[in-house]
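Have a look at the sequence and the 3D structure below, and keep the viewer open while you read. We will walk through a few places together, one step at a time.

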Amino acid sequence: MTSVLELENLEVVYHHVATAIQGVSLRVPPRSIVALLGTNGAGKTTTLRAISGFLGADDAQIVGGRVVFLGEAVTGRPPHTLARRGLVLVPERDKVFETLTVRENLRAIVPGRRADRGAARPPVTLDQVFHYFPVLAERRRQLAGYLSGGERQMLALATALLCRPRVLLVDELSLGLAPLVVESLMTMVARLRDDLGLAVLLVEQNAGAALAIANYGYVLEHGRIVYDGSGDRLLAHEDVREFYLGVGRSPGRKRYTDVKQYRRRRQWF
Ligand code: ATP
């Protein structure tokens, strides 16, 4: 199946010297959720920034490979150009405007006229957003600063939806949130995939939560993909379970690659 988003051997360097991403290739098919898993410092956020055009602020550069969106190379294009075409990064939830109401936050997202030109995708209305997130409708007159972490995450997702995404790029949806809140947010992401036909690249440390809804997953270690497979296969994979889900016999291993080495050593004994 053709991908809506594809990375081909992407390489990213910080400050002209520090390599953070070393030849990452992945595919996001239409109407699918692809999880990008990895521990702290694996390169997940750098990958998302490279795709969405936000590397410049951190003095980072793409030095190799390509980002292909809807069949066209868009490597290094600025964020507004990409967002206009439907490649949309969900803002971090601490970036909502706290002194504005929920409604004002949402009203601040008015797609430019150029976004309408030739767009095959229908606009997403405020009513639709309130339909998916009824709690935002209830709180639309409240200041965003008073929202809980989960509600802020909903507001961040809602603002991204108003940009009419074809592909949503989501960074650490679950971070710091209670398990029940994470579950309901993940269910909502799956619903947006199914109802609106969205493709989603879901960057997560919480492998269990992400793989529960993902069609496919990639495991990133030190800027390289070390394993990939369908959500179900990854969930059933012994190494992934041992390291990412904390189920298994090698407690305290620090990295996925350690688990693999440990396994090899075990075979020699
Ligand atoms: P986390 O969940 O902790 O953010 P991550 O998987 O998203 O982890 P990145 O933040 O992408 O990882 O970091 C990948 C590598 O790039 C790390 O080695 C990190 O130290 C380095 N890095 C990230 N941001 C910068 C920066 N602004 N300047 C220099 N190096 C950076």
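Let us begin at one glycine: Gly-53 comes just after helix 1 and takes a positive phi of about 85°. Please keep in mind that everything here comes from a predicted model.

**Helix 1 and its cover**

What about the helix that ends right before this glycine? Helix 1 is mostly covered, since seven of its nine residues are buried. If you want to find the buried residues in your viewer, look for Lys-44, Thr-46, Thr-47, Leu-48, Ala-50, Ile-51 and Ser-52. The helix spans residues 44-52, and no other element gives as much to the shell around the ligand: helix 1 supplies three residues.

**Around the ligand**

How many residues surround the ligand? There are 14 of them, and the closest are Gly-41, Gly-43, Lys-44, Thr-45 and Thr-46. Sorted by class, the shell holds eight polar residues, three nonpolar ones and three charged ones.

Three threonines are worth a click, and the table lists the distance from each one to an oxygen atom of the ligand.

| Residue | Part of the residue (N or O atom) | Distance to a ligand oxygen atom |
|---|---|---|
| Thr-39 | backbone | 3.5 Å |
| Thr-45 | side chain | 2.7 Å |
| Thr-46 | side chain | 2.5 Å |

How much of the ligand does the protein bury? Taken alone, the ligand exposes 620 Å², and the protein buries 62% of that.

**A sheet of four strands**

Now turn to the open sheet, which has four strands in the order 2-1-4-5 with antiparallel pairing. Its edges are strand 2 (18-28) and strand 5 (72-73), each of which pairs on one side only. As a general point, strands of a sheet pair through backbone hydrogen bonds, and the pairing can be parallel or antiparallel.

Follow strand 1 and strand 2 for a moment. These two run antiparallel and are joined by eight bridges. One residue pair to look for is Tyr-14 and its bridge partner in strand 2, Ala-18. The hairpin of strand 1 and strand 2 has three residues between the strands, and His-15 there takes a positive phi near 50°.

His-16 also has a positive phi, near 65°, although it is a residue other than glycine. His-16 sits in the loop between strand 1 and strand 2. Is His-16 buried or exposed? Its relative accessible area is 57%, so His-16 counts as exposed.

Another positive phi turns up within a strand. Asn-9 has its place in strand 1, and its phi is near 50°, again in a residue other than glycine. With 47% relative accessibility, Asn-9 counts as partly exposed, because the exposed class begins only over 50%.

Asn-9 also leads us to a residue in another strand. Gly-65 lies in strand 4, which covers residues 60-69. Leaving out residues up to four places away in sequence, Gly-65 touches Glu-8, Asn-9, Leu-10 and Thr-75. Take Gly-65 and Thr-75: they are ten residues apart along the chain, and their C-alpha atoms are separated by 8.3 Å. Gly-65 is partly exposed, with a relative accessible area of 38%.

**A serine before strand 1**

Next, go back towards the start of the chain. Ser-3 is found in the segment before strand 1 (5-14). Is this serine buried or exposed? Ser-3 has a relative accessible area of 14%, so it is buried; the cut-off for that class is under 20%.

Which residues does Ser-3 contact, leaving aside its neighbours within four places in sequence? They are Arg-27, Val-28, Pro-29 and Pro-30. With Arg-27 there is also a polar contact, in which the two side chains are joined at 2.8 Å.

**The whole chain**

Finally, zoom out. The protein chain has twelve helices and ten strands. It has 269 residues, and 47% of them count as buried. The accessible surface of the chain comes to about 13300 Å², with 51% of it belonging to carbon and sulfur atoms. Among contacts in the chain with a separation of 6 or more, 68% are between residues 24 or more positions apart. The contact between Ser-3 and Arg-27 is one you have already met, and so are the residues around the ligand, including Gly-41 and Thr-46.

Definitions and conventions: Residues are numbered from 1 along each chain as its sequence is written. This is a predicted model: local features need pLDDT of at least 70, side-chain atom pairs count only at pLDDT 80 or more; totals for chains, interfaces and linings use all residues. Side-chain values use heavy atoms; hydrogens and water are left out. A residue is near a molecule or strand if one of its heavy atoms lies within 4 Å of it. A polar contact is a pair of N or O atoms within 3.5 Å; within protein, one must be able to donate a hydrogen and the other to accept it, and residues adjacent in sequence count only if both atoms are side-chain atoms. Accessible areas come from the Shrake-Rupley method with a 1.4 Å probe; for residues, only the protein chains shown count as cover. Ala, Val, Leu, Ile, Met, Phe, Trp, Tyr, Cys and Pro count as nonpolar, Asp, Glu, Lys and Arg as charged, and the others, Gly among them, as polar. Buried means under 20% relative accessible area, exposed over 50%, partly exposed in between (1.4 Å probe, protein chains only). Contact means heavy atoms within 4.5 Å. Two strands pair if DSSP finds at least two bridges between them.
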